[in-house]
Amino acid sequence: MTDGLRWLLPGLVLVVAACDRERAANAAQGADPATLAHGEKLYTELCASCHGQSGEGAPDWQEQQMTAMGEMPPPPHDSAGHTWRHSDALLYRIVEQGWRDPFNTTERLTMPPFGDTLDPWEIRAVIEYLKTLWTPDQRRFQAAESRGAPYPDAALEP
Amino acid sequence: MQVPDMIQSVPLLLLLLVLAACGGGEAGVPAEGQPEGPVVDLVVRSSGDVLLLEEDALWTSRDHGASWESIPVPEGAAREGFSSVAAPKQRPEEILLGGSFGVVRTEDRGGTWRTFDEGLSGSVAALAAHADSVHILFAYGASEGVFRSEDSGRSWQLMDGGPPGDLRALVHSNLPGSMNTGWLYAATESGVARAMDCFCGWRPSGELTDGAEAVSAVTVDLRRPERVYAGGAAGVFGSEDGGATWRLLSRPGHVTALATDGSSGTLFAATPDPMLLVSRDGGESWEPTG
């Protein structure tokens, strides 16, 4: 092995390690601007029709009453809602697999699944965009909830 | 003992005194006689033992109310008045009491009590132990809302303002379908309210039949958590669908507290007279204990 290569390899190892730390830091502290921009774009296209253009939820969500169809109305995702109370893992699972309130009188998933529409990174991008709608205290609370329940690894990279 | 030996033991004695002053807690004092009511709260432990709380005394029964033994309680808190009792799952020596003093806890069945109220403010009107976790507890402070502890009551965090109206009793259920670990049911002046234990909003839990609204007590049959009971002046109501719909089961009198034996489904109800009733048919009929 030449002298140059001998020094290059450790250097490469250090660079890769630094990149891993940067990705982990991004995952822990919030996404980069490109991810957030893409997340906002996806939210506007796929989520806003039910959850509101600014994440404000259905007009009557605060009444916590079933709609005429027997379903709970779409909740907000901004600081007035409760999305911030849930871990990254749970939010990811709900977006990927969908969800229905167990007390709905209908059986359908009122929150439809997007696992076939969005790839894992895109699901994370949407959730990371939602975090920009929360207060700092809410983001801290949610980060603490997510420590033991993070995103799946597949969601960390595009 | 020679004088030099005595001098050598002084530091040890001082150390013991300091430790006792810092970590001992308040000794509990047993009540005399037998419980006579009124009953402010009821809990049935996973062992089947019944805990009966009066305003100034705590009692336990190992034979479903046939006989009672006093559990010592802190005198200061007893003078202020107890409002609620909670017993963490699978911790037979551990009991928490709530009242205008906040929360006190014993880890030795009343031998000593300590105040555990970091994060709490004001009086505590209701307590509930998590259906599954031994570390998670819930408390309702009338002036602020519902608090959660994840460290067996040592510290508390305000989670939300609670349901609308006056909350009189609280119970945790592990009914499936929650976004978190379960559900909270609250007995209120407006009926039963329900929330996922992620605190994502309280909503009315169905409507009680027979025109009744206010309830003072709520309990869940943890063998089948879709089975919920509520009680008040109008009687005992039961639900088989997690509180979505209800029917009036019986009218044993003005029910002030309810509890379910999680191993057998036996129900206990406190009324002004008789003090304690037991039902072995899901609340359809009752007989006095003892």
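Start by selecting strands S8 and S9 of chain B: they form a hairpin with 5 residues between them, and B:Arg109 in the turn has a positive phi of about 50°. Strands here are DSSP runs of E with at least two residues, helices are runs of H or I with at least four residues, and both are numbered from the N terminus. Before you go on, note that this is a predicted model, in which local features need pLDDT of at least 70 and side-chain atom pairs count only at pLDDT 80 or more, while totals for chains, interfaces and linings use all residues. Residues are numbered from 1 along each chain as its sequence is written, chains are lettered from A and ligands numbered from 1 in the order in which they are written, and side-chain values use heavy atoms, with hydrogens and water left out.

**Stop 1: around strand S8 of chain B**

Keep S8(B) selected and add S9(B), residues 112-115: the two run antiparallel and are joined by 2 bridges. Two strands count as paired if DSSP finds at least two bridges between them. Look for B:Val104, which stands opposite B:Thr115 in S9(B).

Now add strand S7 (residues 95-99) of chain B, which pairs with S8(B) in the antiparallel sense over 5 bridges. A hairpin of 2 residues joins S7(B) to S8(B). In this pairing, B:Leu96 has B:Arg105 as its bridge partner.

Is S8(B) enclosed or open? Strand S8 (residues 102-106) of chain B is largely enclosed by the rest of the structure, because 5 of its 5 residues are buried. Buried means under 20% relative accessible area, exposed means over 50%, and partly exposed lies in between (1.4 Å probe, protein chains only).

Show the side chain of B:Arg105 next. It forms a salt bridge with B:Glu107, with the closest N and O atoms 1.9 Å apart. A salt bridge is a side-chain nitrogen of Lys or Arg within 4 Å of a carboxyl oxygen of Asp or Glu. B:Arg105 counts as buried at 3% relative accessibility, whereas B:Glu107 is partly exposed at 46%.

**Stop 2: more salt bridges in chain B**

Over all chains, a search of the whole structure finds 22 salt bridges. For another one, select B:Arg280 and B:Glu287, whose closest N and O atoms are 3.0 Å apart. B:Arg280 is exposed, with a relative accessible area of 54%, and B:Glu287 is partly exposed at 42%. Then select B:Asp221, B:Arg223, B:Arg224, B:Glu226, B:Arg227 and B:Glu240 together: salt bridges that share partners join them into one network.

**Stop 3: an open sheet in chain B**

Select S14 to S17 of chain B. These 4 strands make an open sheet in the order S14-S15-S16-S17, with antiparallel pairing. Its edge strands are S14 (167-173) and S17 (203-204), each of which pairs on one side only. Strand S16 (residues 191-196) pairs with S17(B) in the antiparallel sense over 2 bridges. One spot to label is B:Ala193, whose bridge partner in S17(B) is B:Pro204.

**Stop 4: where the chains meet**

Bring chain A into view. The contact (heavy atoms within 4.5 Å) takes 21 residues from chain B and 14 residues from chain A. The two chains bury about 1,400 Å² between them, 60% of it on carbon and sulfur atoms. That buried area is the accessible area (1.4 Å probe) lost by the two parts on being put together, summed over both.

Which residues of chain B lose the most area to chain A? They are B:Met179, B:Cys200 and B:Arg203, together 44% of what that side buries. B:Cys200 is buried, with a relative accessible area of 8%. The rule finds 2 salt bridges across this interface. For the side chain of B:Arg203, look to A:Asp101: the two meet in a salt bridge (2.6 Å, N to O).

**Stop 5: chain A**

Hide chain B for a moment. Chain A has 6 helices and 0 strands, and 40% of its 158 residues are buried.

Select A:Arg108 and A:Glu71, whose side chains meet in a salt bridge (2.7 Å, N to O). The pair links distant parts of the chain, 37 residues apart: A:Arg108 is in the loop between helix H4 (88-97) and helix H5 (120-131), and A:Glu71 is in the loop between helix H3 (48-51) and H4. A:Arg108 is partly exposed at 46%, but A:Glu71 is buried at 5%.
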